[in-house]
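Subject: Structure for you to look at

Dear colleague,

I am handing over the structure we spoke about, and it follows directly below. After it I have set out what was found, with the cut-offs given where each term first comes up.

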Amino acid sequence: MKILCIADEVDPLVYSPRIKERFGDVELVLAAGDLPLEYLGFISSMLNCPLLYVEGNHDGHDKADALQWTHFSSPADEGARNIGFRLIREGGLTILGLPGSIRYNRGPNQFSDLAMALHILALAPRLFFERLLRGKALDIVLAHASPLGIQDRDDPCHRGFKSFLGLIHRWKPAWFVHGHVHLYDLASPRSSEEGPTTIVNAFGHWIINTEKTA
Ligand SMILES: [Zn+2]
């Protein structure tokens, strides 16, 4: 399955009248945060496929106001579904959404590593059940922030979550898709392997093919 992953910036290659020519064979869109809901609604209606998203640390009303874009009261009407702290099935895949960044000031969608670990722990019964039922707990983690020490940065805002490393080692998702860490050189490497898990920074846009999870 071809999945369009997006994060952090409205990408002119995606927000374009030619989106269907470029991405017409995409069957699912994953949005890793810090994006306007209008952009998500545009993509999901143009590609006519499900769009799942998590909120980033900039997904407060301030950003929407600054951009003079109005928040929809019901994003579901736009075909975009918020999967923050939820485990869902979509297109034959089990997908977990983990919103927000590490706490660095008092802004929205910021969590201490302990708080994130507790959120993940609360999902453990569901993950156990999925593993019993299907032989694997997870296909994809859709997060805003990255794991600690993997594609993160040293500054307080862009440091990754240690609890994500535990999640990856314990539940072994095939993919871990995140945003939050802006890439100033789009040619720089944006994916790496951690055991069976491929960790991808979706800044702008990136296509993944989930063949390896089949
Ligand atoms: Zn962010």
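Ala32 is a convenient place to begin, since Ala32 is found in the loop between strand S2 (28-31) and helix H2 (37-47), where helices (H or I, at least four residues) and strands (E, at least two) are DSSP runs numbered from the N terminus. Please bear in mind that this is a predicted model, in which local features need pLDDT of at least 70 and side-chain atom pairs count only at pLDDT 80 or more, while totals for chains, interfaces and linings use all residues. Residues are numbered from 1 along each chain as its sequence is written, and side-chain values use heavy atoms, with hydrogens and water left out.

At 0% relative accessibility Ala32 counts as buried, a word that here means under 20% relative accessible area, as against exposed at over 50% and partly exposed in between (1.4 Å probe, protein chains only). Ala32 and His178 are 146 residues apart in sequence, yet their C-alpha atoms are 5.5 Å apart in space. Leaving aside residues up to four places away in sequence, Ala32 touches Ile6, Ala7, Val54, Leu142, Ala143, His144, His178 and Gly179, contact being heavy atoms within 4.5 Å.

The metal site comes next. The protein donors of the zinc ion are Asp34 (OD), Asn57 (OD1), His144 (NE2) and His180 (ND1), which lie 2.1 to 2.3 Å from it; donors are N, O and S atoms within 2.8 Å of the metal (3.2 Å for Na, K and Ca), and as water is not among the atoms, sites may look incomplete. The angles among the 4 donor atoms run from 89 to 164°, and the site is irregular, the label for anything that fits none of these: tetrahedral (four donors, all angles between 85 and 135 degrees), or square planar for four and octahedral for six (opposite donors over 155 degrees apart and all others between 65 and 115). In sequence the donor residues are spaced D-x22-N-x86-H-x35-H. Asn57 lies in the loop between strand S3 (51-53) and helix H3 (61-66), and His144 in the loop between strand S9 (140-143) and helix H6 (162-171), so this pair ties together parts that are 87 residues apart in sequence.

His180 sits in the loop between strand S10 (175-178) and strand S11 (191-194), and is buried with a relative accessible area of 3%. Asn57 is likewise buried, at 4%, as is His144, at 0%. The side chain of His180 makes polar contacts with the side chains of Asn57, at 3.2 Å, and of His144, at 3.1 Å; such a contact is a pair of N or O atoms within 3.5 Å, of which, within protein, one must be able to donate a hydrogen and the other to accept it, and residues adjacent in sequence count only if both atoms are side-chain atoms.

Turning to the interior, the largest nonpolar core has 24 residues, and Leu96, Phe164 and Leu167 are among those with the most contacts inside it; a nonpolar core is a set of buried Ala, Val, Leu, Ile, Met, Phe, Trp, Tyr and Cys residues joined through side-chain atoms within 4.5 Å. H6 gives the most to this core, with 5 residues. Apart from it lies another core, of 20 residues, including Ala7, Leu28, Leu142 and Val177.

With best wishes
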